[in-house]
Amino acid sequence: MSGRDARDRAPRVKNRAPAAVQITSEQLLREANERQEPAIKAPKQRVQDLEELTEFQGRKRTEFEGRIRYSRDSILSWIKYAQWEASQNEYERARSVFERALDVDPRSSELWIKYTDMELKTRNINHARNLFDRAVTLLPRVDALWYKYVYLEELLLNIAGARQIFERWMQWEPNDKAWQSYIKLEERYNELDRASEIYERWIGCRPIPKNWVTWAKYEEERGRPDKAREVFQTALEFFGDEEEQVEKAQQVFAAFARMETRLKEYERARVIYKFALARLPRSKSANLYSQYTKFEKQHGDRAGVELTVLGKRRIQYEEELAYDATNYDVWFSLARLEEDAYRADKEDGEDVEPTRVREVYERAVANVPPGMEKRYWRRYIVLWLQYAAFEEIDTKDFDRARDVYKAAIKLVPHKAFTFAKLWLAYAFFEIRRLDVTAARKVLGAGIGMCPKPKLFSGYIELEMRLREFDRVRMLYEKFLTYDPSLSSAWIQWTQVESAVEDFERVRAIFELAVQQPLDMPEIVWKAYIDFEAGEGERERTRHLYERLLERTSHVKVYISYALMEVSTLGGGEDEDGNEIEGEAGDAELARAVFERGYKDLRTRGEKEDRALLLEAWKSFEEQHGTGADLAKVEEMMPTTRKRWRKAEDGSGALEEYWDLAFPDDEKEANPTTFKFFQAAQAWAAQRGAGAAAGAGGLSYDMPEDSDEEDDDDDNDEDNEEGGEGNGAREPMDEDE
């Protein structure tokens, strides 16, 4: 960098202010255009006499000849040479140049066209005809030459000559546009029979569906529908009736049906559509099927439209099932479709058999899931249930519905898994058939083969509806013998016994339940306590709370215990409707429970639970206590403080966190600091009260300067202390 010349650097702009006169980009471009130098133009040459003309022509011919010698195969040079000769009215020389060029490349269509254009400009018609004849003889596959030749003859009104040229052209079997041009020629001069014959020759040359449709449409426009039908029928016979052949002829079928629709022959059109669709798969006939659906919506009756839509959806579902036979969602849709069609026919009064619906269900249930996992069987079992429901509700064939249930139960691998809804559906079916014994046998077999909580619950619900309480007790015993950890089952059993007012049995069940390893013991204890409290047994309830506190010391247990002590238990109405007063609670006992819970939680160091307990205690005192009791609780309320601690990642850095500070903890840990902190809070409260009053008196506020000086002094002292050693600072507290 030091060896770099300072002059190579870009100059620094010292004044960056905008100029007084601003220049726009438009002005820059305009000035650049005005200052541009004029381009050099070649001088114009004027021929004054014949000698100069001869000299000019000789010089140009020499130039063209030189170009030709240099690039003999450049057809563009030959064309420019010939056109220049023609512009000098030297037509013989121009023909000579063209002929020389044709000797070089006789297959250049551009050369032939330029040659003929020159002859036509000079009105040498016979010369142009001879050239076109030579060109199409030499290049019969170049359509542009034939088109120009025919156009020339038609322009000269030589229609016979034009027709003769077309006949020569058609012998080479050109593309479809050439045939259409020949047909349009005959149509322009109203030779319709000749045009029809040309169509027939065209079809013989290129028998594709598009050409058949074009011919038939021509005959229809001529007002000859019979001839158009004959054309379509010939086309269909030509293509055949096989699937691949019908697929190729879809365009012919669609056009044939549209023509019959225009002629108001709707039955003919319907037959044509059905004939084609019956021979084509859905995947290959989407367009044709959509046209058929549109036709039925426009010209068919309600039954025809529904049948069309039904058939379309059937084909769609069948194609999806052909791809994946275990797609049970598609089986559901297909079965629902067939059921709706069956119900619609029944509503119309038709005597139809459910053969198609049963066939769909039989095909569906034949596709057993390949895996032995329950998640693969869930949708499959629903198919069986819908099958049985259809037989029971729609066909009223109860024996067949029973056979469906039995077949489904026999098919499920009960040793691996089972479906309670299948057993329950079978049992409720027997109940609807008024055969309770059969229903009990079904549910008993299910519990014996594969016991399951949902199966027990369903059986118990059935017996409860039948008011068979002895059977219900027996089932609950078997249920809890099968799985004694189900808290919900114990509670449901006690609810049953409470309904029959057998309270001693309820207590015995609860006592047995709390001794079991339950999945959710808290809800059993809560139900037990609520039961005793509802019966007005305060001593029993208090005893249950004490037993529960021996197992757990959760804050919610203390809060619930205290609220029980202050609440009124019992009460209600007797048999005569007289109101019975309940036993009132005792606020002192509730307060004692709160104090006991607070001490226990404080001993265990549960700060969040202590805060929750104090909030509940405060609410309690607001409703049932005095001002002194409320003030006592408020003094115990914690404050939130920001503290600092070492980070857990081991880096030694300090991180802040929020902690709950309880007054009694602070007082016990550091009595002196606690008293000082209380005095500071009292002084702050007194100062705030004095400022609010707005009265005069002495002010203890320090001047701003003195505060800044004190801050500076503190900073200096901190710096001095920090320089003495590298000891770590103690964590700091900050009140919020």
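## Two loop residues and a helix pair

Asparagine 89 sits in the loop between helix H3 (75-87) and helix H4 (91-104); helices here are DSSP runs (H or I, at least four residues) numbered from the N terminus. This is a predicted model, where local features need pLDDT of at least 70, side-chain atom pairs count only at pLDDT 80 or more, and totals for chains, interfaces and linings use all residues. Residues are numbered from 1 along each chain as its sequence is written, and side-chain values use heavy atoms, leaving out hydrogens and water.

Let's put asparagine 89 beside glutamate 173, which lies in the loop between helix H8 (159-170) and helix H9 (176-188). Each has a positive phi in a residue other than glycine, and each counts as exposed (over 50% relative accessible area, with under 20% buried and partly exposed in between, using a 1.4 Å probe and protein chains only).

| Residue | Phi | Relative accessibility |
|---|---|---|
| Asparagine 89 | near 65° | 54% |
| Glutamate 173 | near 50° | 52% |

Now for a helix pair. The axes of H24 (residues 453-465) and H25 (residues 469-482) come within 9 Å and cross at roughly 170°; axes are lines fitted to C-alpha atoms over the stretch in contact, with angles from 0 to 180 degrees between N-to-C directions. H24 is therefore roughly antiparallel to H25 (angles over 145 degrees; under 35 is roughly parallel, 65 to 115 roughly perpendicular and the rest oblique). Residues in contact (heavy atoms within 4.5 Å) include Phe456 and Ile460 of H24 and Leu475 and Phe479 of H25.
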